[in-house]
Amino acid sequence: MNRICCFICFFLLISCVFAQEPALKQLELTSSPAYVLMGVQPTHIQRPSTPRDFAAGIQSGLVNGTLQPNFAMEVNPFNWNKKEPANNSHSFIANDYFDKRPWPAIKKNFALSLATSSTDSVVFGQLHKGTGIGYGIRITIIPGTVHKPTYNDFQEWATADSRTIFVRLLQLMLHNLASGADPYESISRAMERAKYALHERKDIPDGMKADISVALDLYKGQFVVIQDKNILLAMLDNELDTLTENKTMAAGRINQRITPFAREGFILELAHSGVSVLQNNAWGDAVFARAGIWLTPSYRLDLSSETDLGLVQSLDFLGIIRYIWNDNRVEAGHYLDFGVKFQFNRNDWNISFEGIARNASEVPENISSPWTYSWIGNLSYLITQDITLRFSFGSNFNGNTAAYSEPGGVIAVGGVNFGILR
Amino acid sequence: MAEFNYNDGDPVSIPVSPADRKKMIYLSSGVIPEMDLIKIAGYALIDLIYAVKDLIFEDHPLNKADQLFDRTIGVRVDATKFKTTTSHSDGSSIPITSKLTIKADNEMLAEFIMDDASHPTANSVFYFRFILIPSEDE
């Protein structure tokens, strides 16, 4: 038992630095797709996530059997020209959070990255050792949906807020109404203005407005039968108390959640990456060594408790299908990967297990099967948004088909991830 | 919910000089949170003409100054806080500041500022009331 503890402590205390996505939180540093092609990434399947405007980090990976630092940075260029009037920068623009259409999601989740690492002589076959420089692109094609309880609370708030506008307008109109006059016309005009205000509002998502408009019509029904102005005014006062309580409660629940607007459900991400190797660290000996394209479908099942809003819990199911092209000096054939991953997230930590099967289009004569595999377990603990403690263990691919057999080499990488986020 | 009344709810008199009495009166409203953790939703209701505006708006025209003399003008800013980033903190407790500015064309007549720091909640309502009056040197 003591030996096991010492083993774990040893890896936790290694002062290597990482820059990978802890996956639970929506806005954290993700890993560059280029790391996967360079072979320095402990895990092969990453949950799609929203990129920061800018993120950079250092992680360690196994290169030629030893831990070496690697650097990556990621940006979303669509955010560079994002201009908001200075006074409106604190406004809640609802469509930014609730939109289900693909194009806004693509713009929001598009990420370009650059990564660099020492190259591994096994991963890159016959190429000389040197420096690898890779680029990566991530595009979220299907963005998932906002956390369902947040959606329901927000709709409750938006409905109560729109009804409040109707009640306030009606109160103002009734105060100016001659005593004894029929309030019906005031009710109709207040409703008209409340609906116009709803139509114009940016803090209520467009997709929610039709339902709220129907809710306003139903709400109006209880007032039109009352013909006495004073009775109506007293009723409106009571209504305001109820509406205010509804608004405060709904908004309060959203504010207490740790990740209120996290996406869940089905998310589909497309990634592409390419890596050049500068052999012997010389520009003249650069080779475009490897390129890949892959699809990552994922489904997040929310397991959070509605009685304890501070508890965030979810289960992710992920898959991957990836094609990797190799320069003939790296590898005679190309790879096709299929993989699955399960990840359980609870507040600041997550635990995951993934398995990947790889098929090579060509293998040397002494290799009996074109198939190999990799399996990796991972445990992460988020200390702050930019510092994550991580421990990965498992069995990785044996580099290339020259040593293509059952992977016997153990991968065990532990350390602390550091990132710079904006 | 927390309600805040500027000047304890009494309308503030704003003198308008003869040079400004034919100018258009414009209102602007802004709401600023103390931290980037939250964003603000809600609306402002200008009760003189029953206009519903965004919570944050600039240069909303009312009328010529002399057409508004001696009438109480109320602006009700109904602000709701929503936590939009990842945090253990309760976004409802983050204070916000609401500001109303009144201009005659481009000339500033008055600026009112209130915050909910004394009792921050998820939904804070700020009332501003004022009366435009002819200045005594007229």
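**Exercise 1. Salt bridges and polar contacts between the domains of chain A**

Determine how many salt bridges and how many residue pairs in polar contact the rule finds across the interface of domain 1 and domain 2 of chain A in this predicted model.

*Solution.* Begin with the salt bridges: across the interface of domain 1 of chain A and domain 2 of chain A, the rule finds zero. Turn next to the polar contacts, where the rule finds seven residue pairs across this interface, counting pairs with both residues at pLDDT 80 or more. By class, the side of domain 1 that touches domain 2 in chain A is made up of nine nonpolar, two polar and three charged residues.

**Exercise 2. Extent of the domain interface**

State where the two domains of chain A lie in the sequence, and describe how much area is buried between them.

*Solution.* First, fix the bounds: domain 1 of chain A covers 2–147 + 258–418, while domain 2 covers 148–256. Second, take the contacts, in which 14 residues of domain 1 of chain A meet 14 residues of domain 2 of chain A. Third, consider the area, since the size of an interface is often given as the accessible area lost when the parts come together. Between domain 1 and domain 2 of chain A that area is about 1,200 Å², with carbon and sulfur atoms giving 64% of it. Finally, on the side of domain 1, the residues that lose the most area to domain 2 are Phe98(A), His147(A) and Leu309(A), which together account for 38% of what that side buries.

**Exercise 3. The interface of chain B and chain A**

Work out how many residues each chain gives to the contact, how much area is buried, and which side chains meet in a salt bridge.

*Solution.* Start with the residues: 37 come from chain B and 38 from chain A. The two chains bury about 3,300 Å² between them, and 56% of this lies on carbon and sulfur atoms. Within the area that chain B buries against chain A, Tyr50(B), Phe82(B) and Thr86(B) supply 23%, more than any other three residues. Now count the charged pairs, of which there is one salt bridge between the chains; here the side chains of Asp78(B) and Lys247(A) meet, with an N to O distance of 3.0 Å. Polar contacts between chain B and chain A number 17 residue pairs, again with both residues at pLDDT 80 or more.

As a last step, assign the side of chain B that touches chain A to its elements: those giving two or more residues are strands S3 (24–33), S4 (38–46), S5 (51–54), S7 (72–83) and S10 (123–134) of chain B. Of these, S4(B) gives the most, with seven residues. By class, this side of chain B divides into 16 nonpolar, eleven polar and ten charged residues.

**Exercise 4. Helices of chain A**

Compare the span of helix H8 of chain A with the expected span, and locate the partners of the salt bridge between Asp217(A) and Lys195(A).

*Solution.* Helix H8(A) comprises residues 229–256, 28 residues in number, and reaches 40 Å from its first C-alpha to its last, which is close to the 40 Å expected at 1.5 Å a residue. At the start of H8(A), a side-chain oxygen of Asp228(A) comes to within 2.9 Å of the backbone nitrogen of Asn230(A). For the salt bridge, the closest N and O atoms of Asp217(A) and Lys195(A) are 2.7 Å apart. Asp217(A) lies in helix H7 (residues 206–224) and Lys195(A) in helix H6 (residues 184–200) of chain A, so placed that the pair, 22 residues apart, links distant parts of the chain.

Notes: Residues are numbered from 1 along each chain as its sequence is written. Chains are lettered from A and ligands numbered from 1 in the order in which they are written. This is a predicted model: local features need pLDDT of at least 70, side-chain atom pairs count only at pLDDT 80 or more; totals for chains, interfaces and linings use all residues. Side-chain values use heavy atoms; hydrogens and water are left out. Helices (H or I, at least four residues) and strands (E, at least two) are DSSP runs, numbered from the N terminus. The expected span of a helix is 1.5 Å times one less than its number of residues. A polar contact is a pair of N or O atoms within 3.5 Å; within protein, one must be able to donate a hydrogen and the other to accept it, and residues adjacent in sequence count only if both atoms are side-chain atoms. Domain bounds come from an automatic or database domain assignment. Contact means heavy atoms within 4.5 Å. Buried area is the accessible area (1.4 Å probe) that two parts lose on being put together, summed over both. A salt bridge is a side-chain nitrogen of Lys or Arg within 4 Å of a carboxyl oxygen of Asp or Glu. Ala, Val, Leu, Ile, Met, Phe, Trp, Tyr, Cys and Pro count as nonpolar, Asp, Glu, Lys and Arg as charged, and the others, Gly among them, as polar.
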